[in-house]
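Hi everyone, thanks for making the time. I have one structure to walk you through, so let me put it on the screen.

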Amino acid sequence: MGTFKIEGGAPLKGEIKPQGAKNEALQVLCTVLLTPQKVTITNIPDIIDVNKLISLLRSLGVKVEKLAHGEYSFQADEVNLSYLESEAFKTEGAALRGSIMIVGPLLARFGKGYIPKPGGDKIGRRRLDTHFEGFINLGAKFRYNEEDHFYGVEAERLKGAYMLLDEASVTGTANIVMAAVLAEGKTTIYNAACEPYLQQLCNMLNRMGAKITGVGSNLLEIEGVESLGGCDHRILPDMIEIGSWIGLAAMTQSEITIKDVSWDNLGVIPSTFRKLGITLERRGDDIYIPAHTDGYEIQSYIDGSILTIADAPWPGFTPDLLSIVLVVATQARGSVLIHQKMFESRLFFVDRLIDMGAQIILCDPHRANVIGLGFKSKLKGILMSSPDIRAGISLLIAALSAKGVSTIQNSDQIDRGYERIDERLIAIGAKITRID
């Protein structure tokens, strides 16, 4: 278990470039199982969760070649299906929640897909019903071994179908799309997720020979094809990391430029931070954040009522950035209600912030009222532990803005989602020591 020791209060300055998007990488890496031809993917983030998925693909017999930093080629021309029924797979597959997305491609191409109950962050219930109901709609037979927590779907040939998803699940939509591209006939998916990373997946599949229309909307239509070929694909920059660096700049009152952000794919993220009073300037495809030496003030609604920031499916505000917004609000002037609708355990890190001196009322598992300190009273460094990736980066930002020294245990959680985070932040002036 790793540990970060952080000396807070150091001014930061300079440029930082976001890594490739973790959530996109976990989707598009699974597409390599749909074709025996070579697929090359660039801008892959070098983080624990993505590397676990690459390792799982290797174990399945996929030929993996690292071409350069963040650039790999994959060829799944000799997939070892017997590995799916091994004890090693039960262990390896359960170690990563993103492993669920190998099921759709395996089912489509080989007629069967198995997965142990996948792990991941403890942020509340994240059910898999949408995935498997989609496969059943396509004609697959579902089975579940309760004793081993092992899921399986099988079908001789999937057949296209109309389906209305009960939730706009991103990974569920991705999994069903990857299954449907090789199904016989037409598949219509209504209430599909439509975030940029899902659009990237669909556009990549179309370059491989799939026939997907409606990309970018919540109504996808897929004409099944007999086979798919290889392609080249580049992953977008990580919007969650971009939002994290916006929050970091504001909390540490630092002048920072975030490079190559793919601004047009950020949706409401910039405007949401502006509601907290943070100044953002678009410079080409970069985001420039000046040093907020006079602080920042939370906007209120037109009628003067308190601002509420809530998560929602795309194009709403991503739940992965609500913890960042909450931390940023602790030093704003004014108050804001944070409403985490999609997960019931993601706000349980606020007790650490309260211990640091933040004024937060946790109303219930989904809502927290933050009363900003306006930098009149700085947070203080404490000993704490990272419960999950997004809470971990939020606590790291709080520690960098705090007075004194903070220690964050279980920093491996942060490493699961952020590439060489200590080195990259040290390069712009942060005082972080990694203790392994």
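I'll go through the annotated positions, a helix, a leucine and the cysteines. Please keep in mind that this is a predicted model.

Let's start with the record. The unreviewed UniProt entry has a "binding site" annotation that covers Arg-97, Asp-320 and Met-342. I'll take two of those, beginning with Asp-320. You'll find Asp-320 in the loop that runs between β17 (307-310) and α10 (322-329). Is Asp-320 buried or exposed? Its relative accessibility is 12%, so Asp-320 counts as buried, the cut-off being under 20%. Setting aside neighbours within four places in sequence, Asp-320 is in contact with Asn-23, Ile-240, Arg-346 and Arg-390. With Asn-23 there is a polar contact, side chain to side chain, at 3.5 Å.

Now Met-342, which sits in the loop between β18 (335-339) and α11 (350-355). Met-342 comes out at 35% relative accessibility and therefore counts as partly exposed. Again leaving out neighbours within four places in sequence, Met-342 is in contact with Asp-311, Ala-312, Pro-313 and Pro-319.

You may remember Arg-390 from the contacts of Asp-320. That brings me to helix α12, residues 389-401. At the start of α12, Asp-388 places a side-chain oxygen within 3.0 Å of the backbone nitrogen of Arg-390. The 13 residues of α12 span 19 Å from first C-alpha to last, close to the 18 Å expected at 1.5 Å a residue. As for accessibility, α12 is mostly covered, with 13 of its 13 residues buried.

Next, a leucine. Leu-266 belongs to the loop between β14 (255-258) and α9 (269-275), and its relative accessible area is 2%, so it is buried. What does Leu-266 touch, not counting residues up to four places away in sequence? The partners are Met-239, Ile-242, Val-261, Ile-287 and Trp-314. Leu-266 and Pro-315 are 49 residues apart in sequence, while their C-alpha atoms are 9.3 Å apart in space.

Last topic: the cysteines. How many disulfides does the structure hold? Zero. Why is Cys-194 not bonded to Cys-202? Because Cys-202 has the closest cysteine sulfur to that of Cys-194, and at 10 Å it is too far for a bond. Seen from the other side, Cys-202 is in no disulfide, and its nearest cysteine sulfur is that of Cys-194. Both are buried: Cys-194 has a relative accessible area of 11%, and Cys-202 has 1%.

That's my tour, and I'm happy to go back to any part of it.

How values were computed
Residues are numbered from 1 along each chain as its sequence is written. This is a predicted model: local features need pLDDT of at least 70, side-chain atom pairs count only at pLDDT 80 or more; totals for chains, interfaces and linings use all residues. Side-chain values use heavy atoms; hydrogens and water are left out. Helices (H or I, at least four residues) and strands (E, at least two) are DSSP runs, numbered from the N terminus. Buried means under 20% relative accessible area, exposed over 50%, partly exposed in between (1.4 Å probe, protein chains only). Contact means heavy atoms within 4.5 Å. The expected span of a helix is 1.5 Å times one less than its number of residues. A polar contact is a pair of N or O atoms within 3.5 Å; within protein, one must be able to donate a hydrogen and the other to accept it, and residues adjacent in sequence count only if both atoms are side-chain atoms. UniProt positions are given in the numbering used here, feature names are shortened, and annotations may be inferred rather than shown by experiment. A disulfide is a pair of cysteine sulfur atoms within 2.5 Å.
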